[in-house]
Amino acid sequence: MSILTDFAAAQFEQARTVIGGEDLVIDGGTAVSAILAEADNSREFNGGGFDRDQSLSAVVSITDWQAAYASADKAYLGKDATARGRVWRVGSIRSGQAFVTVSLESPRKAK
């Protein structure tokens with residue numbers, strides 16, 4: 001890892017201590033401690049009525065992610081996930097040098 005990556009990872013650990021980590025479980029796998037970032041609640045017009053949509057972003061350290069979810073990221077897309085006591089669906093996964101951002105969406109949303 002680079003010096004910048006080491007610094008970012010150390011700051012993430014401090015932030016998780018202050019903000020609080022919450023469990024994220026994908027497809028019944030291992031729970032990883034994530035910082036649950038942005039939550040979005042919206043309504044959109046869809047075929048004659050309004051459809052409610054919800055999403056949640058979870059940030060996980062790359063080390064924790066790779067230890068718990070060793071398969072390629074695309075293997076988890078569309079899988080059920082549990083966070084904040086709710087069931088979500090994995091919409092996207094963005095991996096960086098120090099963190100993985102998992103975007104969760106409402107399981108009712110069309111695939």
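This is a short tour of some side-chain contacts in the structure above, which is a predicted model.

**Stop 1: the aromatic cluster**

Start by selecting Trp 65, Tyr 69 and Tyr 76, and show their side chains. These residues form one aromatic cluster. The structure holds three aromatic pairs. One of them joins Trp 65 and Tyr 76, with 5.8 Å from centre to centre and 75 degrees between the planes, an edge-to-face arrangement. Colour by secondary structure and you will find Trp 65 in helix H2 (residues 62-68), while Tyr 76 belongs to the loop between H2 and strand S4 (80-83). The two residues are 11 apart, and their pair links distant parts of the chain.

Now turn to Tyr 69 and Tyr 76. Their ring centres are 5.2 Å apart and their planes stand at 80 degrees, so this pair is edge-to-face. Are these rings buried or exposed? Tyr 69 and Tyr 76 are both buried, and Trp 65 is buried too.

**Stop 2: a glycine across from Tyr 69**

Keep Tyr 69 on screen and add Gly 29. You will find Gly 29 in the loop between strand S1 (22-26) and strand S2 (32-46). Draw a distance between the C-alpha atoms of Gly 29 and Tyr 69: they are separated by 7.9 Å, with their positions 40 residues apart along the chain. Gly 29 is partly exposed, at a relative accessible area of 37%.

**Stop 3: the two salt bridges**

How many salt bridges does the structure hold? There are two. For one of them, select Glu 22 and Arg 84, where the closest N and O atoms are 3.4 Å apart. Glu 22 is in strand S1 and Arg 84 is in the loop between S4 and strand S5 (86-95), so this salt bridge ties together parts 62 residues apart in sequence. Switch on a surface here: Glu 22 is partly exposed, with a relative accessible area of 29%, and Arg 84 is also partly exposed, at 46%.

Next, select Glu 105 and Arg 89, whose side chains meet in a salt bridge of 3.6 Å, N to O. Glu 105 lies in strand S6 (residues 99-105) and Arg 89 in strand S5, so the pair connects parts that are 16 residues apart in sequence. Arg 89 counts as buried because its relative accessibility is 5%, under the 20% cut-off.

**Stop 4: a charge over a ring**

Finish with Arg 86 and Trp 88. Look for the charged end of Arg 86, which sits over the ring of Trp 88 at 4.1 Å from the ring's centre.

Conventions
Residues numbered from 1 in each chain as written. Predicted model: local features only at pLDDT ≥ 70, side-chain atom pairs only at ≥ 80, totals over all residues. Heavy atoms only, no water. Phe/Tyr/Trp six-rings, centres within 6.5 Å; stacked < 30°, edge-to-face > 60°. Helix = DSSP H or I, 4+ residues; strand = E, 2+ residues; numbered from the N terminus. Buried < 20%, exposed > 50% of the residue type's maximum accessible area, 1.4 Å probe, protein only. Lys NZ or Arg CZ within 6 Å of the ring centre and 35° of its normal. Salt bridge = Lys/Arg side-chain N within 4 Å of Asp/Glu carboxyl O.
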